[in-house]
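User: I should like to learn how individual features of a protein model are read. Could we proceed one feature at a time, with the general idea before the case?

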Amino acid sequence: MAELNLDFEAIKAQAESYRADMTKFLRDLILLKGESCEEGDKAKRIKEEMEKVGFNKAWIDKQGNVLGEMGTGEKQIAFDAHIDTVGIGNIDNWEFDPYEGFEDETTIGGRGTSDQLGGIVSAVYGAKIMKDLDLLNDKYRVLVTGTVQEEDCDGNCWLYMIEQENIRPEFVVSTEPTDGGIYRGQRGRMEIRVDVQGVSCHGSAPERGKNAIYMMADILKEVEALNENPAEGVEIKGLVKMLDEKYNPEWKEANFLGRGTVTTSQIFYTSPSRCAVADSCSISLDRRMTAGESWEYCIEEIENLPSVKKHGAKVSLYKYARPSWTGLSYEQDAYFPTWVIPEDHKVTKALEAAHKGLYGDERQGPASQIEMRKARPLTDKWTFSTNGVAIMGRHNIPVIGFGPGAEAQAHAPNEVTWKDDLVQSAAVYAALPTAYVAE
């Protein structure tokens with residue numbers, strides 16, 4: 001890689017100069033609330049901020065995603081942040097109003113601060129720093145996206161933008177929280193349904209029917225075994241087998257991402273009454289996939305369980321088709337592929353170079369987090385899922401992750417992020433296009 005011709009101190013100083021602006025912007029977004037399919041007010045506020053700081057253009061698409069471009073170069077580099085949040089859960093678990101939020105000298109609290117409104121804030125101001133310091137050129141322009149419905153259906157927004165709006169960047173930075181690290185992948189997931197049919201009869205003579213709950217009980221034990229069993233010496237080989245090169249050509253990346261898992265998350269039944277044999281039973285399975293596992297493989301794995309075959313159970317994928325805040329519905333299967341960008345990929349190396357030039361080879365962060373962060377490698381992976389499942393998982397557009405906040409804050413009561421993270425993320429984003437060109 002060529003030596004980076006960047007004034008890193010100027011970038012850091014410019015990012016620091018926007019600390020107060022970023023704090024105010026984030027606090028405005030917290031006040032606007034907005035779970036999945038309710039993001040309209042936040043999208044409009046983000047568009048307003050993009051226009052205020054000098055984006056070349058900013059718009060809201062038909063699904064309700066807000067997009068802004070900085071620069072006029074031929075190819076896009078994108079920075080993505082979803083702008084929906086989960087709910088607040090039991091308000092008694094909160095020590096402050098989750099939608100009023102709070103701030104002190106170092107911290108900002110409120111629903112969505114880490115997951116992941118801080119990401120859109122840093123991305124908008126990272127693009128502004130690029131403009132301020134003349135870091136864009138005729139090769140690349142920057143696209144910042146505030147995307148909708150990720151908490152409902154991760155990646156659905158990007159499926160729509162890629163497939164219907166022809167948005168296809170050179171690569172995408174996911175600004176989901178990374179605890180000061182650079183993340184190059186995640187396990188995938190699927191939402192699987194298993195249905196079994198019985199025959200109802202009066203509960204006083206259960207032998208006349210076929211109890212679907214008992215049939216499902218057989219299946220449930222085998223699903224549990226699939227998750228817990230070892231790779232050898234058992235009829236149902238456990239999912240841990242995919243960490244072994246004997247079973248998985250992608251075993252190295254599987255070991256990096258972690259093994260797949262499966263668990264029963266819901267159970268349903270039908271019965272004529274409490275005095276009758278149940279005539280149907282269904283379960284939902286949360287299936288987490290590592291490298292080397294496709295949706296077809298995971299469906300067949302459940303279909304091949306002995307009790308699924310014995311009881312003639314039907315195995316299928318759930319679908320998602322909920323209308324966005326604009327009323328548009330973009331249907332997809334509830335399949336969210338595993339993705340991982342190689343450690344030696346040009347995008348990985350460029351982000352590492354930008355970080356090294358600004359902050360060195362170790363994770364940075366506020367004093368309260370720094371010891372925990374520096375105990376982890378700079379380049380790692382997410383535990384949870386992101387929009388990368390569509391961008392790279394389905395459409396093979398490279399994705400790398402770097403974002404303000406902490407994974408452990410996601411979906412938790414008393415959610416916070418840190419002002420240092422907002423500033424440092426904006427600085428890294430500003431340096432990245434130049435680092436990528438140099439790479």
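Analyst: We begin with contact, which means heavy atoms within 4.5 Å. The model shown here is predicted.

User: Which residues is Gly 185 in contact with, leaving aside its neighbours within four places in sequence?

Analyst: With those neighbours left aside, the contacts of Gly 185 are Leu 257, Trp 339, Val 340, Asp 380, Lys 381 and Trp 382. Gly 185 itself belongs to strand S9, residues 185–186. A second way to read its surroundings is to set separation in sequence against distance in space: Gly 185 and Gly 388 are 203 residues apart in sequence, yet their C-alpha atoms lie 8.2 Å apart.

User: Is Gly 185 buried or exposed?

Analyst: A residue counts as buried under 20% relative accessible area. Gly 185 has a relative accessible area of 0%, so Gly 185 is buried.

User: How does the same reading apply to Met 50, and where does Met 50 lie?

Analyst: Met 50 is part of helix H3, residues 40–53. Because its relative accessibility is 0%, Met 50 counts as buried. Apart from neighbours within four places in sequence, Met 50 is in contact with Phe 55, Ala 58, Val 66, Leu 67, Gly 68, Val 124 and Val 144. One of these, Leu 67, is 17 residues from Met 50 in sequence and 8.9 Å from it in space, C-alpha to C-alpha.

User: Why does His 395 count as buried?

Analyst: The cut-off for buried is under 20%. His 395 has a relative accessible area of 18%, and therefore His 395 is buried. His 395 sits in the loop between helix H12 (388–391) and strand S19 (399–401). When residues up to four places away in sequence are not counted, His 395 touches Leu 159, Ile 162, Glu 163, Arg 168 and Ala 390.

User: Let us turn to the backbone. What should one look for in phi and in the peptide bond?

Analyst: Most residues other than glycine have a negative phi, and most peptide bonds are trans, so exceptions merit a look. In this model, a cis peptide bond joins Asp 115 and Gln 116, with omega about -20 degrees. Gln 116 lies in helix H4, residues 113–132.

User: Which phi values are positive in a residue other than glycine?

Analyst: Asp 134 has a phi near 55 degrees, and Gln 149 has a phi near 65 degrees. Asp 134 is found in the loop between H4 and strand S6 (140–147), whereas Gln 149 is found in the loop between S6 and helix H5 (156–165). As for their surroundings, the cut-off for exposed is over 50%. Asp 134 has a relative accessible area of 65% and is therefore exposed. Gln 149, at 0% relative accessibility, counts as buried.

User: How is the length of a helix checked, for example in H10?

Analyst: The distance between the end C-alpha atoms is set against the span expected at 1.5 Å a residue. For the 14 residues of H10 the expected span is 20 Å and the end C-alpha atoms are 20 Å apart, so the two agree. Just after H10, Gly 360 takes a positive phi of about 90 degrees.

User: What covers the buried residues of H10?

Analyst: The buried residues of H10 include Val 347, Leu 351, His 355 and Tyr 359. Their cover includes helix H1 (8–17), strand S7 (171–174), strand S8 (182–183), S19 and H13.

User: Where does H13 have a kink?

Analyst: The kink, of about 35 degrees, lies at Leu 432, shortly before the proline Pro 433. End to end, the 20 residues of H13 reach 30 Å from first to last C-alpha, close to the expected 28 Å. H13 is mostly covered, with 17 of its 20 residues buried.

User: Finally, how many cavities of 30 Å³ or more does a search of the whole structure find?

Analyst: The search finds 1 such cavity, and about 70 Å³ of space lies in the largest cavity. Helix H10 (346–359) and helix H13 (419–438) are the elements that give two or more residues to its lining. The largest share, 3 residues, comes from H13. Lining residues include His 355, Tyr 359, Arg 373, Asp 421, Gln 424 and Ser 425. By class, the lining has 3 nonpolar, 7 polar and 2 charged residues.

How values were computed
Residues are numbered from 1 along each chain as its sequence is written. This is a predicted model: local features need pLDDT of at least 70, side-chain atom pairs count only at pLDDT 80 or more; totals for chains, interfaces and linings use all residues. Side-chain values use heavy atoms; hydrogens and water are left out. On a 1 Å grid over the protein atoms alone, a cavity is a set of points where a 1.4 Å probe fits but cannot get out, and a pocket is an open set with protein on both sides within 12 Å along at least five of seven lines; lining residues have an atom within 4 Å of a point. Grid points are joined across faces, edges and corners, and a volume is the space filled by probe spheres set on the points. Helices (H or I, at least four residues) and strands (E, at least two) are DSSP runs, numbered from the N terminus. Ala, Val, Leu, Ile, Met, Phe, Trp, Tyr, Cys and Pro count as nonpolar, Asp, Glu, Lys and Arg as charged, and the others, Gly among them, as polar. The expected span of a helix is 1.5 Å times one less than its number of residues. The bend at a residue is the angle between axes fitted to the seven residues ending there and the seven starting there. Buried means under 20% relative accessible area, exposed over 50%, partly exposed in between (1.4 Å probe, protein chains only).
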